[in-house]
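Welcome to this guided tour. Please open the structure in your viewer, and we will go from one selection to the next together.

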There are 2 protein chains.
Amino acid sequence: MIRVLLAEDQGMMRGALALLLGMEPDIEVVAQVGRGDEIVDAALLARPDVALLDIELPGRSGLDAAADLRTEAPDCRVLILTTFGRPGYLRRAMEAGAAGFLVKDGPVEELAEAVRRALRGETVIDPALAAAALSAGPNPLTGRERDALAASVDGATIADIAASLHLSESTVRNYLSSAIGKTGTRNRMEAVRAARRQGWL
Amino acid sequence: MIRVLLAEDQGMMRGALALLLGMEPDIEVVAQVGRGDEIVDAALLARPDVALLDIELPGRSGLDAAADLRTEAPDCRVLILTTFGRPGYLRRAMEAGAAGFLVKDGPVEELAEAVRRALRGETVIDPALAAAALSAGPNPLTGRERDALAASVDGATIADIAASLHLSESTVRNYLSSAIGKTGTRNRMEAVRAARRQGWL
DNA sequence: ACCTGGCCGTGACAAATGTCCCGGGTGCGG
DNA sequence: CCGCACCCGGGACATTTGTCACGGCCAGGT
């Protein structure tokens, strides 16, 4: 029996996937969590063979948790399952040592098969997505540029961002201007969207 | 057998829900679509008893489709199934004649039971959500204010919005300023987020 | 030792944005 | 008929935002 941990925030999705995987004769869902900061604890307790992680979770990113599992539970293979096939997400997933990357589009049949292939040591990635990730190149934003962009979601003003990062307003403006230039956009909002689409957030 | 139509854009979610509902002895999924503009056609063809619709779909909103089903297929009960329990969504769903409103959190067990209750003529709504929708009051934005806000997502400039709405830049600024005032926010971005959270978009 | 690149800041400037006036037109209900 | 709300626009103004040029600090590699 393949022991699977499931991390997904939407209750209905989580329950549905658990039932689906449980119907497979060789698969057993041994843990379910709805928050990113519960993943490592649950994995240490349930000792799964495969961890199926969403990226955008409350509390902690699934990507961060994946990196931790690499050291805390080295014999657990990690599959990333996410809504958005963003190049930067795929790149970060691979760097975090994930064994595969699935998008929530695509048929359900993929899922159980991906779990089996991950356990066999194969790497499972959508080829088109891999090409996009490669052609997009790495994240050109520096750490602070990323911070400033991330802090500017949901309409924060320059003063807000400066306060939350403990920086001068001038500095924040410089970082944002630089980020706008690197993303080839015209203002903060476009830069945020562009960076998100690439998975650079 | 209860005949169900399923409209949901995420392939994995759609497939999982279809399999789940299909396992119920008294439920049969007779149609699945991934786009909003295919709902009415599919319903006329498959004659479902219950239509389970996501709101945010490519091509057409599930709420718009629900309103059409009211006249095109009057004996088909509509259940809205959505990620976000936004008060405005619930309000619009009720106005479109929906028989129920489910959020994708919450356990899977709710789902089949909601389908049965809808068919029995009951209205199925989360009480807490209903209270929030009532206390929030109706949408205070005028049509044009909504248009201007909606056109200002993803970082369009005033000039872009004016062009896309065939208006003067002054007019657009006035609408946006008014929308910012009504939402109690400080700028476009915050106004957009506030309006979205309320389901006013 | 030198150069590079990230980090942090300043000052000045143009452009975009938000606010507050004002005007006119329309349609709807009292 | 009148008031009212929505629609559309203009002008003036303060504020915010984005850009550019310039400094300094520090760590890294050559």
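## Starting at a phosphate

Select B:Thr171 first: an N or O atom in its side chain is 3.2 Å from a phosphate oxygen of DNA strand D. That is a polar contact, meaning a pair of N or O atoms within 3.5 Å; within protein, one must be able to donate a hydrogen and the other to accept it, and residues adjacent in sequence count only if both atoms are side-chain atoms.

Before moving on, please note that this is a predicted model, in which local features need pLDDT of at least 70 and side-chain atom pairs count only at pLDDT 80 or more, while totals for chains, interfaces and linings use all residues. Residues are numbered from 1 along each chain as its sequence is written, chains are lettered from A and ligands numbered from 1 in the order in which they are written, and side-chain values use heavy atoms, with hydrogens and water left out.

## More of DNA strand D

Keep DNA strand D on screen and add B:Thr142, which has a polar side-chain atom 2.7 Å from a phosphate oxygen of the strand. Then add B:Tyr175, where a polar side-chain atom lies 3.2 Å from a phosphate oxygen of DNA strand D.

Now widen the selection to the 18 residues around DNA strand D; those that come nearest are A:Arg173, B:Thr142, B:Arg144, B:Ser168 and B:Asn174. Here a residue counts as near a strand if one of its heavy atoms lies within 4 Å of it. Of the atoms of DNA strand D that come within 4 Å of the protein, 55% are sugar and phosphate.

Which helix gives the most to the surface near DNA strand D? Colour H9(B), which provides five residues. At least two residues each come from helix H9 (169-183) of chain A and from helix H7 (143-151) and helix H9 (169-183) of chain B. Helices (H or I, at least four residues) and strands (E, at least two) are DSSP runs, numbered from the N terminus.

Coloured by residue type, this surface has four nonpolar, ten polar and four charged residues. In that scheme Ala, Val, Leu, Ile, Met, Phe, Trp, Tyr, Cys and Pro count as nonpolar, Asp, Glu, Lys and Arg as charged, and the others, Gly among them, as polar.

## Across to DNA strand C

Next, select DNA strand C and the 18 residues that surround it; the closest are A:Thr142, A:Arg144, A:Ser168, A:Ser170 and B:Arg173. Sugar or phosphate holds 57% of the strand's atoms within 4 Å of the protein, and bases hold the rest.

Zoom in on the bases. B:Arg173 has a polar side-chain atom 2.4 Å from a base oxygen of DNA strand C. In the side chain of A:Asn174, an N or O atom is 3.0 Å from a base oxygen of this strand, and in that of A:Arg173, an N or O atom is 3.4 Å from a base nitrogen. The elements giving two or more residues to this surface are helix H7 (143-151) and H9 of chain A, together with H9 of chain B. H9(A) contributes the largest share, five residues.

## Where the chains meet

Hide the DNA and show chains A and B. A rotation of 180° with 0.0 Å of shift along its axis superposes chain B on chain A, with an RMSD of 0.0 Å (a least-squares fit on the C-alpha atoms of residues with pLDDT of at least 70 in both). The two copies are thus related as by a two-fold rotation axis. To find the axis, select B:Ala16: its C-alpha is the nearest to the axis in chain B, 2.9 Å from it.

At this interface, 31 residues of chain B are in contact (heavy atoms within 4.5 Å) with 31 residues of chain A. About 2,600 Å² is buried between the chains, 68% of it from carbon and sulfur atoms; buried area is the accessible area (1.4 Å probe) that two parts lose on being put together, summed over both. Highlight B:Gln10, B:Met12 and B:Met189, which supply 29% of the area that chain B buries against chain A, more than any other three residues.

For a last stop, pick B:Arg186 and A:Asp160, whose side chains meet in a salt bridge at 2.7 Å, N to O. The term means a side-chain nitrogen of Lys or Arg within 4 Å of a carboxyl oxygen of Asp or Glu. Between chain B and chain A the count is two salt bridges.
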